[in-house]
Amino acid sequence: MSAGRTPGAAPGGAVVLIGPMGAGKTSIGKRVARALGRGFVDTDKAIVREHGPIPELFERDGEARFRELERVAVSEALRDGGVVALGGGAVLDPATRADLAAHRVVLLTVSPQIVAGRIHGGDRPLLTDADPVARWKRIYAQRRDLYEQCADVAFDTSTGPLSAVVDEVVEWVRRSETPEAQEQT
């Protein structure tokens, strides 16, 4: 399924997974990296390693400070290459969106009905209100255009086994690395 940019627009660089909370960026990203024999970085996990749990960062320092830390983590991960899973809000930063143009970007989507079972728990500070699915829908609606503008291709993770999405992403990456795909850029 195509998205905002021309598939294969950036045959070099990292393979970047973007999308809303609960779309499976980390789970799919780890498997894609393994299948391609590349390193994997989850920018949210990198932030946690350096600065502590994200809910505590939000509470202690606020969302603006978290976004600053996120920007640094994204920049470092993109520079290092491999497969990179971005936090759901990373595309809000204009510099991040500009950086993504040099990489292959995969948008993972998920339906609200399916995401309800994936977003439980207290590690998502933007979903702590009484109805986290309604909040998720509002956040996704606000970010959807940005996701689509940044993406070369999109895959939905709502149905079927996760391995099928992994296989589709890996196949797309390999096709985008062929000499024919590189000549299209």
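Here is a quick tour of this protein chain, from its overall build down to a few residues worth finding in the viewer. Keep in mind that you're looking at a predicted model. The chain has 185 residues, and 46% of them count as buried. Eight helices and five strands make up its elements, and salt bridges turn up 11 times in the structure.

**Overall build**

- Start at the N terminus and walk along the chain, and the elements come in the order β-α-β-α-α-β-α-β-α-α-β-α-α.
- Take the contacts between residues at least 6 apart in sequence: 76% of these join residues at least 24 apart.
- The accessible surface adds up to about 9,000 Å², and carbon and sulfur atoms account for 49% of that.

**The positive patch**

- Four residues, Lys 30, Arg 31, Arg 34 and Lys 45, form a positive patch on the surface.
- Helix α1, which covers residues 25-36, supplies the largest share of this patch, with three residues.
- Arg 31 is one of the patch residues, and you'll find Arg 31 in helix α1.
- Arg 31 has a relative accessible area of 36%, so it falls in the partly exposed class.

**Salt bridges**

- Some background first: side chains with opposite charges can pair when their charged atoms come close.
- Arg 38 and Glu 177 are one such pair here, with their side chains meeting in a salt bridge at 2.3 Å, N to O.
- That pair ties together distant parts of the chain, since the two residues sit 139 residues apart. Arg 38 is in the loop between α1 and β2 (40-42), while Glu 177 is in the loop between α7 (162-176) and α8 (179-183).
- Arg 38 counts as partly exposed because its relative accessibility is 28%. Glu 177 is also partly exposed, because its relative accessible area is 27%.
- Look for Arg 104 here too: Arg 38, Arg 104 and Glu 177 are linked in a network of salt bridges.
- Asp 61 pairs with Arg 60 in another salt bridge, where the closest N and O atoms are 3.2 Å apart. With 36% relative accessibility, Asp 61 counts as partly exposed.
- Arg 79 and Asp 80 form a salt bridge as well, and their closest N and O atoms are 3.7 Å apart. Both Arg 79 and Asp 80 are exposed.

**Two buried residues**

- Ala 14 lies in the segment before β1 (15-18). Its relative accessibility is 0%, so Ala 14 counts as buried.
- What does Ala 14 touch? Leaving out residues up to four places away in sequence, Ala 14 touches Leu 78, Gly 81, Gly 82, Val 84, His 103 and Arg 104.
- Ala 14 and Gly 39 are 25 residues apart along the chain, and 9.8 Å separates their C-alpha atoms.
- Asp 152 sits in the loop between α6 (132-150) and β5 (153-156). Asp 152 is buried too, because its relative accessible area is 0%.
- From the C-alpha atom of Asp 152 to that of Ala 101 is 9.3 Å, and these residues are 51 apart along the chain.

**A residue on helix α3**

- Glu 68 belongs to helix α3, which runs over residues 54-80.
- Is Glu 68 buried or exposed? It lies between those two classes: at a relative accessible area of 46%, Glu 68 is partly exposed.
- Asp 93 is 25 residues away from Glu 68 in sequence, and the C-alpha atoms of the two are 9.2 Å apart in space.

Terms used. Residues are numbered from 1 along each chain as its sequence is written. This is a predicted model: local features need pLDDT of at least 70, side-chain atom pairs count only at pLDDT 80 or more; totals for chains, interfaces and linings use all residues. Side-chain values use heavy atoms; hydrogens and water are left out. Patches are made of residues with over 30% relative accessible area and no salt bridge: like charges are joined within 9 Å, nonpolar side chains (Val, Leu, Ile, Met, Phe, Trp, Tyr) within 5 Å. Accessible areas come from the Shrake-Rupley method with a 1.4 Å probe; for residues, only the protein chains shown count as cover. Lys and Arg count as positive and Asp and Glu as negative; His and the chain ends are not counted. The place of a charge is taken as NZ of Lys, CZ of Arg, CG of Asp or CD of Glu. Helices (H or I, at least four residues) and strands (E, at least two) are DSSP runs, numbered from the N terminus. Buried means under 20% relative accessible area, exposed over 50%, partly exposed in between (1.4 Å probe, protein chains only). Contact means heavy atoms within 4.5 Å.
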